[in-house]
Amino acid sequence: MIAGSTDVKIMVRRCLLTFKPFRIFVVGIGFFSLCFLMTSLGGQFSAKRLGDSPFTIRTEVLGGVESRGVLRKISDMLEVILKRMDTLSKLDNSSSTDARRLDELSSAINRIQPAGLVERIQAIAQNVSNMANRVEQILQSTIAQSRAREGSSSQCEVPREPRFPECPGKVDWMRARWTSDPCYAFYGVDGSDCSFLIYLSEVEWFCPPLAWRNHSSMPTPFTHHQTKAPKRQAAFRTDLSVLLDQVGTGKESLSFMKRRIRRLAQQWATAANRLDAKLQQRWRDQKKILVHVGFLTEESGDVFSPKVLKGGPLGEMVQWADILTALHVLGHNLKISMSLKELQGFLGVPPGRGSCPLTGPLPFDLIYTDYHGLQQMKQHMGLSLKRHKCHIRVIDTFGTEPAYNHEEYATLHGYRTNWGYWNLDSRQYMTMFPHTPDNSFMGFVSEELNDTEKRNIQQNKVNNMAVVYGKEPSMWKVDLGKEGFLQILHRYMEVHGTVYYETQRPPEVPAFVKNHGLLPQHELQQLLRKAKLFIGFGFPYEGPAPLEAIANGCIFLQPKFNPPHSSLNHEFFRGKPTSRQVSSQHPYAEQYIGKPHVMTVDFNNSEEFDSAIREIMRTKVEPYLPYEYTCEGMLERVHVYVQNQDFCAPDRPFVPANLSRHGTAGGSRMPGPLFVPLSNSTVLGWALNVSIPAAWPPLSSLRLLVSQEGQSCVEACQSSGFICEPAHFHYINNKEALHALEVQCEVVDSEINHILPAFSVMRRECSLQREPLLFSCAGHSPKYRRLCPCRDFRQGQVALCQDCL
């Protein structure tokens with residue numbers, strides 16, 4: 001059964017020739033053993049065609065001539081196997097899976113050892129039959145994949161279409177950088193142009209869809225907003241236990257927020273019942289809302305949590321606790337994120353470094369975050385942030401003006417800072433106080449007293465007791481000019497402080513000050529309920545403490561800033577995205593509350609300061625809290641925002657000529673003014689017989705007037721008893737408004753500038769706004785008078801117009 005030496009040499013030579021191009025798969029598998037097996041099985045290679053598949057065999061134990069016939073069949077099958085392997089070796093781009101299968105096959109072949117016994121022939125024959133079938137399967141699969149690649153490669157030429165001008169450049173970038181982020185491989189990118197084009201057309205949107213791809217089951221970036229779940233009605237909640245569990249544990253900041261939520265729980269419940277009755281069971285959409293508190297994440301550094309018990313700032317935590325409570329009490333579906341991992345999980349961020357966008361619709365209607373959270377979302381949402389940014393609300397203490405918000409404009413005109421430049425609608429920024437009408441006023445709450453508590457406070461007030469606003473020793477430093485007025489204050493009053501210390505009295509605090517150390521909130525309130533005066537040193541700016549003191553029956557005395565502090569002259573405001581002029585430590589208290597509860601004087605003028613102290617001691621006041629800072633006021637405001645503010649709706653072009661008037665046949669157009677004089681007023685209002693698409697705030701609140709040169713619309717509206725309303729700019733940015741105001745224009749053009757619409761009296765030039773993101777209440781110019789869209793407001797609720805609820 002063993003061939004002669006010449007036959008063996010021929011067999012080995014044929015094995016070498018067969019396996020040479022496929023050497024990678026046979027190294028170390030017993031190459032000569034395989035050849036010897038083929039030789040020892042005694043058959044000669046038959047000239048089988050490649051397409052033949054004689055891969056079945058009877059395996060009875062035979063002898064003599066019959067056994068030699070079986071061996072010939074085995075030999076034939078080995079010949080076919082070798083030819084199949086030779087064919088596979090010539091196919092390019094074999095998959096790693098095929099390579100692994102061939103490795104396994106080679107190992108199996110190596111296990112076949114020559115045995116001179118006839119009883120082994122049956123097992124050998126079966127093994128060879130199995131191996132032959134596997135080789136055939138691998139071959140057919142590889143040929144099919146190769147043909148598919150050859151067919152699709154011709155369909156994967158990089159398109160050059162005017163509608164997708166960035167496509168070629170993006171493909172070039174992917175060729176060079178697709179391995180820079182694992183998220184590309186997660187979406188199926190494998191280094192081929194086809195995978196690049198599939199990704200850039202189906203996950204991102206820089207290239208056109210490929211005609212040969214199945215698009216029927218594929219979500220596209222442009223249709224995500226069209227898929228909406230059925231609306232559900234929101235119901236007021238008074239049980240806060242679920243919210244407290246969601247806030248979590250593990251940080252002093254979270255413990256502080258939970259203590260605040262518990263302490264005000266009854267007031268929130270009472271407020272919910274009042275607002276529910278006021279709305280008269282009106283339908284309210286339940287929203288899916290994500291709250292991501294970015295400044296408390298470890299990734300942002302979280303410098304606040306370690307300072308909670310050491311006199312650090314608490315204003316931001318006060319506001320976030322109240323935002324969470326308001327949204328929960330209003331009945332919305334709330335998710336809370338306090339870490340980057342939680343944010344990624346809630347949003348469905350793909351694994352990687354954030355280069356890839358999300359796929360599928362955003363799982364939330366609204367996202368409340370801060371500047372830290374916004375930056376984190378940019379890093380981990382990729383291009384999705386641009387697509388979904390209309391859902392975002394940014395809690396922003398000091399405000400962001402439009403000139404700083406528009407990235408290109410800010411860069412070109414010197415308004416670029418480390419904040420801002422996000423190209424949001426300016427109303428998406430939500431402030432702690434209503435100091436920037438371009439933004440939305442979110443606010444917070446102060447504890448509201450009942451009538452009995454108010455009477456007790458008035459009876460127990462100590463007329464000569466003052467509490468200083470300043471928990472950190474640095475706020476008491478004498479080099480900041482405090483020694484003089486503190487001595488005057490000490491002459492009339494007993495001075496108390498709540499300055500943090502660990503073991504020794506802070507040396508910055510004068511000896512005559514009775515320092516209580518850092519007090520828990522309820523003990524601080526008891527102190528404020530006794531004190532007659534709450535005095536600020538000029539810092540911190542615009543915190544919640546003065547409102548709490550006024551609510552507990554104190555008079556707040558604060559310094560006047562001359563000149564006003566701003567990003568132009570004060571280090572604290574430098575780099576903040578606002579040009580606002582801060583005239584005192586707490587402008588809201590000065591402008592919206594005022595005397596007798598608030599007194600603002602020049603602390604550098606000792607006579608004025610002395611006179612103010614004596615006046616305070618003579619003045620009796622009742623505890624006072626503006627409605628907008630009560631639980632009910634905040635619930636009312638947040639409810640209106642959630643139900644009415646929509647920054648995702650496409651902008652509708654405002655074409656005055658297309659407006660229709662009530663009372664005309666078929667609603668046809670007829671000439672007539674869009675703006676009409678209001679009774680007993682010099683301002684103009686919207687003509688109520690003009691039909692327009694629904695607007696919020698409603699146009700019934702619009703008051704159109706003109707500023708003086710150098711005056712902002714914030715100031716112009718306030719001087720007439722109104723509030724500037726940026727949403728109304730859209731309706732006054734036209735020639736009709738100029739005509740109604742009797743402005744003489746020799747030229748009317750449109751430009752990109754944050755003071756527009758405006759006009760120059762000297763040059764008789766009028767300019768309209770071309771960029772809606774730059775509609776700005778805050779803008780002003782010494783050479784131009786501005787067209788200002790003011791509105792009315794509800795008593796005690798400056799954020800809402802009279803018809804807004």
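**Entry 1. Terms and model.** Helices (H or I, at least four residues) and strands (E, at least two) are DSSP runs, numbered from the N terminus. I use these element numbers throughout. The model in hand is predicted. I looked up its confidence before anything else: the protein has a mean pLDDT of 83, and 76% of its residues reach 70 or more.

**Entry 2. Weak stretches.** I then searched for segments of low confidence. Residues 146-152 stay under 50 in pLDDT, and the model gives them five contacts beyond four places in sequence. Residues 219-226 are also below 50, with twelve contacts in the model beyond near neighbours in sequence. Where pLDDT is low, the predicted coordinates should not be read in detail. I therefore note the contacts of both stretches without interpreting them.

**Entry 3. Ser781.** I located Ser781 in the loop between strand 22 and strand 23 (785-791). Is this residue, Ser781, buried or exposed? Its relative accessibility is 12%, so Ser781 counts as buried, the cut-off being under 20%. Leaving out residues up to four places away in sequence, I find Ser781 in contact with Glu709, Gly710 and Ile755.

**Entry 4. The parallel sheet.** I traced an open sheet of six strands, in the order 2-1-3-4-5-6 and with parallel pairing. Its edges are strand 2 (333-337) and strand 6 (440-441), each of which pairs on one side only. Within the sheet I examined strand 3 (residues 366-369) and strand 4 (residues 392-395): they run parallel and are joined by three bridges. One residue pair I recorded is Ile367 with its bridge partner Ile392 in strand 4.

**Entry 5. Nonpolar cores.** Which residues touch the most other members of the largest nonpolar core? I find Met257 and Tyr368, in a core of 82 residues. Helix 12 supplies the largest share of this core, nine residues. Apart from it lies another core, of 31 residues, which includes Ala737, Leu738, Phe759 and Cys788. In soluble globular proteins, nonpolar side chains tend to be buried together.

I returned to Tyr368 for its full surroundings. Not counting residues up to four places away in sequence, Tyr368 touches Ile289, Leu290, Val291, His292, Trp320, Leu327, Arg393, Ile395, Met430, Met442 and Val642. Tyr368 falls within strand 3 (residues 366-369), while its contacts Arg393 and Ile395 fall within strand 4 (residues 392-395).

**Entry 6. Helix 11.** I checked the length of helix 11 (residues 265-279). At 1.5 Å a residue its 15 residues should span 21 Å, and the end C-alpha atoms are 21 Å apart, so expectation and model agree. Next I listed its buried residues: Gln267, Trp268, Ala269, Ala271, Ala272, Leu275 and Leu279. Their cover includes helix 12 (315-329) and helix 24 (631-644). Directly after helix 11 comes Gln280, with a positive phi near 55°.

**Entry 7. Disulfides.** How many disulfides does the count give? I obtain nine, and I record three of them below.

*Cys167 and Cys207.* The sulfur atoms of Cys167 and Cys207 are 2.0 Å apart in this disulfide, and the link is right-handed, with 100° about the S-S bond. Cys167 lies in helix 6 (residues 167-177) and Cys207 in the loop between helix 8 (193-202) and helix 9 (241-247), so the link ties together parts 40 residues apart in sequence. Cys167 is buried at a relative accessible area of 0%, and Cys207 is buried at 2%.

*Cys745 and Cys766.* Here the sulfur atoms of Cys745 and Cys766 are 1.8 Å apart. Why is this disulfide of Cys745 and Cys766 left-handed? The torsion about the S-S bond is about -80°, hence the assignment. Cys745 sits in the loop between helix 27 (735-740) and strand 20 (747-751) and Cys766 in strand 22 (residues 765-769), so parts 21 residues apart in sequence are tied together. Cys745 is partly exposed at 28% relative accessibility, whereas Cys766 is buried at 1%.

*Cys801 and Cys804.* I find the sulfur atoms of Cys801 and Cys804 2.1 Å apart in a disulfide. The link is right-handed, with 105° about the S-S bond, and both cysteines are buried.

**Entry 8. Two further cysteines.** I also looked up the exposure of Cys554 and Cys631. Cys554 has 1% relative accessibility and counts as buried; Cys631, at 3%, counts as buried too.

Notes. Residues are numbered from 1 along each chain as its sequence is written. This is a predicted model: local features need pLDDT of at least 70, side-chain atom pairs count only at pLDDT 80 or more; totals for chains, interfaces and linings use all residues. Side-chain values use heavy atoms; hydrogens and water are left out. The expected span of a helix is 1.5 Å times one less than its number of residues. Buried means under 20% relative accessible area, exposed over 50%, partly exposed in between (1.4 Å probe, protein chains only). Contact means heavy atoms within 4.5 Å. A disulfide is a pair of cysteine sulfur atoms within 2.5 Å. A nonpolar core is a set of buried Ala, Val, Leu, Ile, Met, Phe, Trp, Tyr and Cys residues joined through side-chain atoms within 4.5 Å. pLDDT is the predictor's confidence in each residue, from 0 to 100. Two strands pair if DSSP finds at least two bridges between them.
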